[in-house]
Amino acid sequence: MEHLTHERLAALVDEVSTAEEAAHLATCDRCAAELETLREQVIALGALPELLPPKGDWRVLEARLRSEGLINDPGNFARLGLAQTPGWMKAAAAVLLFLSGAGTGVAMAQPGMPEDTGSIARQVVSVEDAASAVRMAEQQYVSAVTEYRQLLAADGGIDVDPINRFAALEHLVRVSQAAVRQAPGDPFLNGFLASAMAERDAALRMVSSGQDNWF
Amino acid sequence: MSRPHNRPELLVDSRSSGATLQELWCVEVSEMNMESSQPTERALIRLAADGDARAIRLLYERHAPRVYAVVRRIAGDEDLAQDYAQEAWIRAIRALPTFRGDSRFSTWLHRIAVNAALQALRKTETRRKREGPSPVDVAIAPAHRDSLLQKRLERALDGLPEGMRRVLILHDVEGYTHEEIGDVLGVTSGTSKSQLFKARSKMRVLLADLDGVLQEPGAEAWSI
């Protein structure tokens, strides 16, 4: 019998040889050695180790997951211990922070501004300082809005059209989504979008159920 | 907060109770594997399906090497492998809410990774055919090699024609049956067998060729 082909020997790693093949293998050192080598090859392939992904792989993946909305970022509010704050307050505080930041920027750009306008910014020299400043601003804002609501309620209540409010929130969500697409990894933008979506969904539920008490 | 680690079902469903992810995390991570002090996989999957970043990261850290290994070997190229692995993870996280636990999570994830890699490879092949051959179309050597044997095997795998490589990796490296390979690749089990035997034979030749190329002074000889 002629020598077995490589492909047939490769098959015999898994399959049972015919009587003729077995007889040949028993007498042919070359084919027997080749079969043994192929068996070792298969065992070695089965023992190949796992491979570590390249460095930075998680960061890239995390950014993609965020951009696709597959990660719910707890947001700055949760990190700052304000997770129980009503959604409307979070959204409002985020807007205020944005506006106050923009306002400070404009004021600082103007010549002859009062000396203490940028004092907070100058005092903030670390991440901890910045987080503390943000936390304080949020608390002040939440207190102010609460007081404002109480005064309005005492004055005869707040008159808000639920449909208009839902439409406005929907607009806010769309703008926020566009912002997140532009900077997917930005925690502030993600937190803002999450708050806006939560508030919009709450507004939708209230419109659907015919409720008009937003707070 | 202590709770028996073998609690059969979660007590809180964030989607119905309105519990925050932070609250859920506190409950879920109490489901610890007492030997390793790690959250159980089931708890992580539940949290990850709700979009919890920490749970997703833990799942990633546990399974990324296996996912990367299979897509790297199917891709035959490191840059492509990273893209394919990312795609596999995106698909898996997106599909997490549909994971019912009928099979092990690692098996489920592995199948997603294989499908993602094969699908992406088909797209890449189609694009290459449309654009013509690349001037430098050489597979990039893997970065993580801890032995000469592994180095030779990985190099030889990269040198196999793509069709053969897929079948060889799925069968000899990943342990798929020919029927499973047929399902994944859309071929008959007979074709899978035929491709496997050709691939083993070709691999044998490539390894023999590499003996001369990769033999390093003082290194033990590899007999394959």
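Right after helix α3(B) comes B:Gly51, a residue whose phi is positive, near 90°. The model you are looking at is predicted, and this briefing starts from that helix, then moves to its neighbour α4(B) and on to the places where chains A and B meet. Helix α3 of chain B covers residues 41-49 and is largely enclosed by the rest of the structure, because 7 of its 9 residues are buried.

**Helix α3 of chain B**

- The buried residues of α3(B) are B:Ala43, B:Leu44, B:Ile45, B:Arg46, B:Leu47, B:Ala48 and B:Ala49.
- Beyond α3(B) the chain reaches B:Gly51, with its positive phi near 90°.

**How α3(B) packs on α4(B)**

- The axes of α3(B) and α4(B) come within 7 Å and cross at roughly 130°.
- Angles from 65 to 115 degrees count as roughly perpendicular and those over 145 as roughly antiparallel, so α3(B) is oblique to α4(B).
- These two helices, α3(B) and α4(B), make a left-handed crossing.
- From α3(B), the contact draws on B:Leu44, B:Leu47 and B:Ala48, while α4(B) supplies B:Ala55, B:Ile56, B:Leu58 and B:Leu59.
- By class, this contact of α3(B) with α4(B) has 7 nonpolar residues, with no polar and no charged ones.
- B:Leu44, B:Leu47 and B:Ala48 thus appear in two roles: they are buried, and they belong to the contact with α4(B).

**Where chain B meets chain A**

- In total, 39 residues of chain B are in contact with 34 residues of chain A.
- On the chain B side, the elements giving two or more residues are α2 (21-28), α4 (53-75), α5 (78-95), α7 (148-159), α8 (162-173) and α10 (189-214).
- Helix α4(B) provides the largest share of that side, with 10 residues.
- Sorted by class, the side of chain B that touches chain A holds 20 nonpolar, 9 polar and 10 charged residues.

**A helix pair across the interface**

- Helix α4 of chain A (residues 57-67) and α5(B) have axes that come within 10 Å and cross at roughly 45°.
- That angle makes α4(A) oblique to α5(B).
- The crossing of α4(A) past α5(B) is right-handed.
- On α4(A), the residues making the contact are A:Asp57, A:Val60, A:Leu61, A:Arg64 and A:Leu65.
- Their partners on α5(B) are B:Gln82, B:Gln86, B:Trp89, B:Ile90 and B:Ile93.
- The contact of α4(A) with α5(B) comprises 6 nonpolar, 2 polar and 2 charged residues.

How values were computed
Residues numbered from 1 in each chain as written. Chains lettered and ligands numbered in written order. Predicted model: local features only at pLDDT ≥ 70, side-chain atom pairs only at ≥ 80, totals over all residues. Contact = placed C-beta atoms within 7 Å. Helix = DSSP H or I, 4+ residues; strand = E, 2+ residues; numbered from the N terminus. Nonpolar A, V, L, I, M, F, W, Y, C, P; charged D, E, K, R; others polar. Buried ≥ 20, exposed ≤ 12 C-beta atoms within 10 Å, placed from the backbone. Axes fitted to C-alpha atoms, helices over the stretch in contact; angles between N-to-C directions. Parallel < 35°, antiparallel > 145°, perpendicular 65-115°, else oblique. Left-handed = near helix turned anticlockwise from the far one by under 90°.
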